[in-house]
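Trainee: Could we go through this structure together, one question at a time?
Mentor: Gladly; ask away, and we will reason from the coordinates.

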Amino acid sequence: MVNVLIVEDSRVSRESFERQLSAAENYFVAATLENAANAVIACMRNNIDLVLMDICTADDESGLVAAAKIKAQHPKIRVIMMTSMPEVSFLRKAKESGCDGFWYKEESQLSLVEACDLVMAGEFPWPKETPPVMIRLARSDEFTDRELDVIRELALGRRYEEIAASLYVSTNTVKYHIKNVLQKTGFHSAIQLVAEVVEKRLVLPKY
Amino acid sequence: MKTKRYHHYKDAALIRHAIDSCPDGILVAAMDGRPILANQAINEISLQLTGSTVMNAQEFWNQVEEHALQPFADTAEGGVLACLVDGRVWQFTRRSLTIHQTEVYQYDAAEVTELYRYQKELRASNARTQRLHERQRDLMKEIVQNNLEKEALQAKMHIHDEIGQALILTRNALETKESPMEMDNLYSMWENLIRDMENAAVSKNVKVSDPEEELKQVAAMIGCRVRFSGRQPRERKALLLLYAGIREALTNAVRHAGADELLVEIKESGSFYEVSIGSNGTRPVESTVREGRGLGGLRKRIESEGGEMNVRVSGSVVLELKIPRGENTEG
């Protein structure tokens, strides 16, 4: 029997996941939580085998941060990150945290139980890319990594000078990237761009 | 002799003429304010400020200071800016000099009308940018909040679709008299739907989680009970800082001291909450506690919000926090 801890702040989703796993014979839902930071404590004891971890959890606690702590303290616990957000950095961060699987709640071809089975068997196929979204005229995968860095900084409400200092580039380079992104998307201002990328959840800098 | 005096007079007149044609104001005066040398420009300024040419340099300077404007951000040398009746802005400086072992004051005035205007425009423009910047930050917060509300709405729409589907299947089942096994599936489908609807009904708005309930749940999972004494913060930010502290103390108390009870005492003191978190841990602890990633991270978070953190060792470890009350952002 696989002991599962579910971390998900949406009550509807949480109970749906719990129901799906309870219906499968080899899974036992040990606990469900809303806040990722509490999951680190729950894993101290209780023989948890698998954690289903949402990325954006209650009180703005990041599932990615919690997953990294769990994997560092208990390498044997398997962790599946779950999200419905197309945030481009989530896949990379999950990989860096040592997570064992990454399940897109809405886009994945696998059911939740299938994803759990594959992770427990060590055969989970890691998604190659984040599902692209349209940012007005441009597909999200048309942006370069550096352009995405600049967009993320803009979404934090930073000024050009602050972005330049943060990314170790000149202010002109920042302006150059923004000009390119505006050209690709067809927006006229950075604020329109930021509103759209946050609306589409391409960038969620808090996590 | 007469020629020599004539030349001397002519030199003085030339110097006078040169000083008077200088566009800057020049005034040299004794320490008691008696003017020794004043050019035309400074006298014109004095006329506007005091109603007469310079009669007393100290009184002149007092008038300059009375008409002082807000200085430029980059005039750190201590000049005084003053706007005259004719609308021109001058920058005045005063310094003491020693001439033939006599101490005197030299006053200089330079016209900076254009510079002041640009500086004023720049200041207004910076203030406007700052306001726009703040609006942008607020907008970002609203967008994130709207996104979360939209997600809750989508979940409800999903349930709505499922109800439609279940109704169609039920009608078909009743019309075609399905097998008992399929009827069982239909029955469990309705059960799930009812459960989802119960959840959706309470998530009318984006739900604010109850940190106390969940923390007590995880504490119980690791065999520890958390007791509170005093009123918990009503401000969301302060509440979340408190729970970050409790989580850290809980982990350490159970892991290092074998505690099974944690006591959280909260007092309101001025603009802070004073929090003390202790445990009944009995395992011996060292006289000082090394701050690793957990405690270090907590200290950084508390201090970045204007709070304070202290780890006291008195038999067991006590975590003391001073959390700023801040504005009320409850709910």
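Trainee: How many helices and strands are there in chain A?
Mentor: Keep in mind that this is a predicted model. Of the 207 residues of chain A, 43% count as buried. As for its secondary structure, chain A has nine helices and seven strands.

Trainee: What percentage of the contacts in chain A with a separation of 6 or more comes from residues 24 or more positions apart?
Mentor: Here we set aside pairs with a separation below 6 and look at the remaining contacts in chain A. Residues 24 or more positions apart account for a share of 63%.

Trainee: Are helix 6 and helix 8 of chain A roughly parallel or roughly perpendicular to each other?
Mentor: Helix 6 (residues 145-155) and helix 8 (residues 171-185) of chain A have axes 10 Å apart and pack at an angle of about 100 degrees. The range from 65 to 115 degrees counts as roughly perpendicular. Helix 6 of chain A and helix 8 of chain A are therefore roughly perpendicular.

Trainee: How many nonpolar residues are in the contact of helix 6 with helix 8 of chain A?
Mentor: Helix 6 of chain A brings R146(A), E147(A), V150(A) and I151(A), while helix 8 of chain A brings V174(A), H177(A), I178(A), N180(A) and V181(A). By class, two residues of this contact are polar, two are charged, and the nonpolar ones number five.

Trainee: Which helix of chain A gives the largest share of the side that touches chain B?
Mentor: In this interface, 28 residues of chain A are in contact with 30 residues of chain B. Helix 1 (11-23), strand 2 (27-33), helix 2 (36-42) and helix 9 (190-199) of chain A each give two or more residues to that side. The largest share is five residues, and the element that gives it is helix 9 of chain A.

Trainee: And how many charged residues does the side of chain A that touches chain B have?
Mentor: Sorting that side by class gives 13 nonpolar and five polar residues. The charged residues there number 10.

Trainee: Which helix gives the most residues to the largest nonpolar core?
Mentor: That core has 92 residues, and those with the most contacts inside it are A39(A), V51(A), M53(A) and I80(A). The top contribution is 12 residues, and it comes from helix 7 (residues 236-257) of chain B.

Trainee: How many residues are in the second, separate core?
Mentor: Among its members are I45(B), F60(B), L81(B) and Y107(B). The size of this second core is 19 residues.

Trainee: Which strands stand at the edges of the five-strand sheet of chain B?
Mentor: The sheet is open and antiparallel, with its strands in the order 2-1-5-4-3. An edge strand has a single partner, so one of its sides is left without a neighbour in the sheet. Those at the edges are strand 2 (35-38) and strand 3 (80-83) of chain B.

Trainee: What is the bridge partner of L81(B)?
Mentor: Strand 3 of chain B runs antiparallel to strand 4 of chain B, and four bridges join them. The partner of L81(B) is in strand 4 of chain B, and it is Q91(B).

Trainee: At what angle does helix 2 of chain B run to strand 1 of chain B?
Mentor: Neighbouring strands of the sheet are turned by 25 degrees against each other on average, direction ignored. Helix 2 (residues 40-50) of chain B lies across strand 1 (25-30), strand 2, strand 4 and strand 5 of chain B. Its angle to strand 1 of chain B is about 85 degrees.

Trainee: Which residue is in the turn of the hairpin formed by strand 9 and strand 10 of chain B?
Mentor: Seven bridges join strand 9 (residues 308-314) to strand 10 of chain B, and the two run antiparallel. S314(B) stands opposite S316(B) in strand 10 of chain B. One residue lies between the strands, with a positive phi of about 80 degrees, and that residue is G315(B).

Trainee: Is H100(B) buried or exposed?
Mentor: H100(B) is in the loop between strand 4 (89-99) and strand 5 (102-111) of chain B, and its phi is positive, near 50 degrees. A residue counts as exposed with 12 or fewer C-beta neighbours within 10 Å. Because H100(B) has 5 such neighbours, it counts as exposed.

Conventions:
Residues are numbered from 1 along each chain as its sequence is written. Chains are lettered from A and ligands numbered from 1 in the order in which they are written. This is a predicted model: local features need pLDDT of at least 70, side-chain atom pairs count only at pLDDT 80 or more; totals for chains, interfaces and linings use all residues. A residue is buried if 20 or more other C-beta atoms lie within 10 Å of its own, exposed if 12 or fewer, and partly exposed in between; C-beta atoms are placed from the backbone. A nonpolar core is a set of buried Ala, Val, Leu, Ile, Met, Phe, Trp, Tyr and Cys residues joined through C-beta atoms within 7 Å. Two strands pair if DSSP finds at least two bridges between them. Axes are lines fitted to C-alpha atoms, for helices over the stretch in contact, and angles run from 0 to 180 degrees between N-to-C directions. Two residues are in contact if their C-beta atoms, placed from the backbone, lie within 7 Å. Ala, Val, Leu, Ile, Met, Phe, Trp, Tyr, Cys and Pro count as nonpolar, Asp, Glu, Lys and Arg as charged, and the others, Gly among them, as polar. Angles under 35 degrees count as roughly parallel, over 145 as roughly antiparallel, 65 to 115 as roughly perpendicular and the rest as oblique.
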